[in-house]
Amino acid sequence: MPTRSSALRSVFRINALFIYFFLYAPILVLLIFSFNDSRYTVSWQGFSLRWYGALFQNSILWERCLNSLIIGLVATLIATVLGTSAALLLERHRFPGRGAYMAAVYLPIIMPDIILAISLSLFYGLVHLPRGFATIIIGHVVLTLPFVTIVVRARLRGFDRQLEEAAADLGANEWATFRRVTLPLIAPGILGGALLAFTLSLDDFVLTFFTKGVGVDTLPVLIYSMQRKFGVTPEVNAISSLLLLNSTLFVLLSLRLQKHR
Amino acid sequence: MNRSMQGRIELRQVTKCFGAVTAVDGISLDIRGGEFFSLLGPSGCGKTTTLRLIAGFERPTTGEILLEGVSVTGIPPHRRNVNTVFQSYALFPHLTVEENIGFGLKMKRLPKSEINLQVEDVLSLVKLTGLGERKPSELSGGQQQRVALARALVNHPAILLLDEPLAALDLKLRKQMQIELKVLQRQVGITFVYVTHDQGEALSLSDRIAVMQDGRVLQIGTPSDLYEHPNCHFVADFIGQSNFFPATVAGHREGGLTLRLTGAESLIEVPAECGYHPGQEVILAVRPERLQISTNPPPPPFNGLYGMVSEVMYLGTLLQYTVSVSDSLQVLVHQPNLGSDSTPPIPRASKVYITWLPEHGILLESMTS
Amino acid sequence: MTRDARGRFSRDFYILLIPTLMWVICFFVVPSGLMLATSFAQRGTHGGIVWHWTLGNYAALGQPLYGKILLNSLFIAACTTVACLILGYPLAYYLARVRSRWRNVLLLLLVVPFWTNFLVRTYAWKFILRTDGLLDRVFTALHLPAPDLLYQHVQFSVFLGLVYGYLAFMVLPLYASLEKQDPALLEAAHDLGASPLASFRHVTLPLSLPGVIAGSILVFIPSLGAYITPDLFGGGKYLMVGNLIGQQFGASLNWPFGSALSYVLMTLVLLGAVGYFRMMGTEEI
């Protein structure tokens with residue numbers, strides 16, 4: 001029955017088209033209207049870069065940007081070191097309590113952000129930890145650590161252990177083997193994981209919102225409070241577009257690295 | 001160092017268990033310096049584990065390993081004067097050929113100029129001059145194999161361990177590399193321990209061979225020892241081809257026995273030492289190429305069998321006849337292919353006589369006893 | 001090698017173990033434990049915590065207002081899951097059958113937005129759905145009544161936003177289970193006389209069931225714990241359970257009740273996670 005199966009095939013195709021439209025339309029709309037030369041954002045008044053120009057002169061925005069970057073970089077660094085060691089541990093060692101260890105490392109992935117955020121907030125309150133960069137960074141590390149672990153573990157699984165034996169056979173001690181053979185070979189995985197962690201940290205809103213102190217804001221928190229205060233404005237569209245572009249770039253780079261053989 | 005110790009490997013009652021599985025079961029070996037020594041056996045016989053024990057990747061569960069007269073228990077691989085050529089080659093994919101080969105020297109902290117010099121030397125030894133800049137992935141299988149060899153040899157180990165190094169190559173390249181390996185071993189003069197499941201490879205390369213099965217060494221000897229005087233059914237079967245005839249001892253003769261083969265009428269002579277009694281069940285093994293086949297009856301009393309050709313196979317260098325002596329007794333006969341003009345093949349269904357010299361019979365313990 | 005001959009762990013084992021272990025204990029395990037303790041404590045008069053043990057915080061869930069929010073959250077999460085399944089299954093099926101050159105591009109297009117900023121993507125919807133937003137303009141232009149979804153139908157808008165946010169979670173495991181099915185199985189079914197529909201029902205669908213369950217759990221968990229979508233769409237007035245929790249740590253300052261709510265939500269999530277790992281195996285992550 002060629003007609004029926006080809007009809008079915010077009011149903012599938014239309015469904016796919018509809019979903020991709022559904023996924024990308026809002027993003028494209030946002031992007032397009034960030035170039036709209038109008039304060040009343042829905043009607044198109046012509047192409048303009050004025051909102052991007054305004055962003056460049058907005059010193060608060062630059063400061064938030066810098067905060068986001070600092071937090072992102074520090075959190076990524078810590079999460080990458082800890083996540084990589086967790087990956088090595090889980091791939092290479094069997095030990096009592098391995099399951100519990102794995103649960104503790106991985107659980108933050110499936111925990112709703114809000115629970116993670118308020119448990120940390122509560123913890124900071126009870127131990128009287130002053131809120132600031134450190135409290136945000138800690139949260140971001142807990143959140144991104146499992147992602148690094150997953151990506152590095154995947155890389156380690158494709159790793160030929162005999163290469164390490166070969167290095168030992170050629171006179172390399174454990175540290176030299178790790179530095180000259182293991183590390184260079186899993187480096188794409190580590191870098192891929194780090195990029196993912198950085199993206200997640202830059203994008204995070206909920207954790208930051210509940211663990212930040214007064215005065216230390218990040219870019220997503222700024223976007224949130226701007227849309228809260230002024231509603232939908234072209235400036236917010238413009239920052240959002242930039243942030244979106246940025247994370248798309250990082251994610252593509254990360255995926256590319258994870259595939260690298 | 002004492003010259004007799006150089007390159008020598010001794011295994012004393014070495015056992016290796018992985019959980020409940022005993023991979024190596026009380027092996028003792030004494031490999032002389034400069035020897036080409038093969039560990040031969042089917043997969044899972046423990047030969048690779050034995051090699052890994054010598055290299056230091058595994059620790060013996062019990063027993064002791066001595067390299068050049070010194071016990072190496074507890075010494076990690078990177079401090080053993082032993083290098084390995086891995087089956088998969090294990091070339092570092094992120095390093096060039098030169099960097100791969102220079103890796104061991106770099107670990108010894110040799111000056112860069114010295115490393116470069118030695119790498120050049122060994123590259124020419126394995127005939128890869130000019131390929132030093134490439135990555136392993138840009139080389140053919142044969143070239144990768146040579147890099148693996150060079151990477152090990154450049155360290156001037158006293159002992160080189162080779163784990164099925166030619167298994168990944170195609171037949172023609174394998175034959176060529178076998179010759180090169182043999183030449184190379186003479187050139188460098190160090191001990192080679194060679195793991196293989198290919199009996200032809202072991203026979204053609206080795207000074208001595210240890211045949212292994214189920215974690216034990218069944219027989220150690222030179223290739224001709226093993227071929228001419230296998231000490232058990234497994235060795236006779238694994239090395240070369242054999243006809244196995246179940247038989248019972250019929251009586252003693254001067255320097256030997258007479259046997260009655262199961263499924264045949266004639267009495268067969270075989271040289272044997274004492275210790276057999278009439279009526280004992282034994283197995284007689286005879287290599288197919290030691291058998292004479294003829295349509296003409298030999299003068300009696302002959303040492304052989306009478307049967308009918310049931311299959312003729314043309315194998316290039318030889319002709320293989322399958323001869324049916326009785327329902328339960330089939331015999332393989334190899335006849336050199338001297339050209340169909342001089343000896344036309346005997347056609348199927350011909351009645352033939354198969355004979356052999358008594359000294360070509362190999363007497364083996366019966367499997368049941 | 002994990003242990004030496006005497007059964008002791010090697011030095012590098014401890015180097016790998018200790019820093020990460022300390023970190024997750026300090027900043028995940030201990031905070032979760034404190035939250036559990038807090039959920040059994042009482043609220044101080046000016047916020048804060050009074051350490052008198054009580055079950056009252058859990059009992060408070062029985063109050064109609066809170067119970068309704070919890071049930072409503074479960075309802076929305078369930079609707080989101082079903083909608084994702086209805087949209088996602090045909091897409092996954094299509095992706096598993098489409099020519100491989102296109103497949104990788106389409107998969108990438110599916111995955112990339114899902115890694116990008118969730119807040120911004122939700123904000124983009126707000127831009128479309130709000131009163132006199134793009135959607136209303138389009139309807140007006142077509143001489144139809146403006147639906148004014150965000151204001152008139154917050155719940156539906158939230159549902160829409162969640163489907164949009166988590167659809168990829170459904171499609172990916174479905175795709176994985178459909179893609180590894182041997183096409184010869186379908187041919188065998190046809191060969192044995194099954195109609196296309198029958199072979200789908202008796203071969204494809206049962207074999208993809210693990211993917212269906214995994215995908216459903218992966219969508220249900222974050223939908224249930226959603227915070228940003230209801231907050232942005234409802235302007236802080238529409239509450240799912242995540243927002244209710246957030247409120248206890250913000251305006252209401254009732255930490256014990258917030259903790260108890262968190263534990264209820266966490267239990268539901270963990271049940272889902274256990275189901276997921278049962279389905280996929282723990283080493284499959």
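**Close-up views of a predicted model**

**Figure 1. The largest cavity of the structure.** The largest cavity holds about 50 Å³ of space. The model is predicted. Residues of chains A and B line this cavity: Gln162(A) and Glu165(A) on one side of the list, and Leu51(B), Arg52(B), Ala55(B), Phe57(B), Thr84(B), Phe86(B) and Asp163(B) on the other. By class, the lining has four nonpolar, two polar and three charged residues.

**Figure 2. Elements around the largest cavity.** Two elements each give at least two residues to the lining of the largest cavity, namely α7 (161-169) of chain A and α1 (47-55) of chain B. Helix α1(B) supplies three residues, the largest share of this lining. Residues of the lining that fall within the range 47-55 of chain B include Leu51(B), Arg52(B) and Ala55(B). From the range 161-169 of chain A come Gln162(A) and Glu165(A).

**Figure 3. The second largest cavity.** About 40 Å³ of space lies in the second largest cavity. Its lining combines Leu23(A) with residues of chain C, which are Leu110(C), Pro113(C), Phe114(C), Arg121(C), Tyr164(C), Gly165(C) and Ala168(C). Two elements of chain C, α4 (100-115) and α8 (154-179), each contribute two or more residues to the lining of the second largest cavity. Six of the lining residues are nonpolar, one is polar and one is charged. In total, the structure has four cavities of 30 Å³ or more.

**Figure 4. Chain B as a whole.** Chain B contains eight helices and 20 strands. Along the principal axes, its C-alpha atoms fill a box of roughly 80 × 50 × 40 Å. Of the 369 residues in chain B, 50% are buried. Among contacts in chain B with a separation of 6 or more, 66% join residues 24 or more positions apart. The exposed area of chain B is about 17,400 Å², and carbon and sulfur atoms supply 52% of this area.

**Figure 5. Confidence along chain A.** The mean pLDDT of chain A is 87, and 96% of its residues score at least 70. Within chain A, confidence is lowest in helix α2 (residues 50-56), where the mean is 83. The highest value, 93, belongs to helix α6 (residues 133-157) of chain A. Where pLDDT is low, predicted coordinates should not be read in detail.

How values were computed: Residues numbered from 1 in each chain as written. Chains lettered and ligands numbered in written order. Predicted model: local features only at pLDDT ≥ 70, side-chain atom pairs only at ≥ 80, totals over all residues. Heavy atoms only, no water. pLDDT = per-residue confidence, 0-100. Helix = DSSP H or I, 4+ residues; strand = E, 2+ residues; numbered from the N terminus. 1 Å grid on protein atoms, 1.4 Å probe; cavity = no way out; pocket = protein on both sides within 12 Å on 5 of 7 lines; lining within 4 Å. Points joined across faces, edges and corners; volume = space filled by probe spheres on them. Nonpolar A, V, L, I, M, F, W, Y, C, P; charged D, E, K, R; others polar. Buried < 20%, exposed > 50% of the residue type's maximum accessible area, 1.4 Å probe, protein only. Contact = heavy atoms within 4.5 Å. Areas by Shrake-Rupley, 256 points an atom, 1.4 Å probe, with all protein chains shown as cover.
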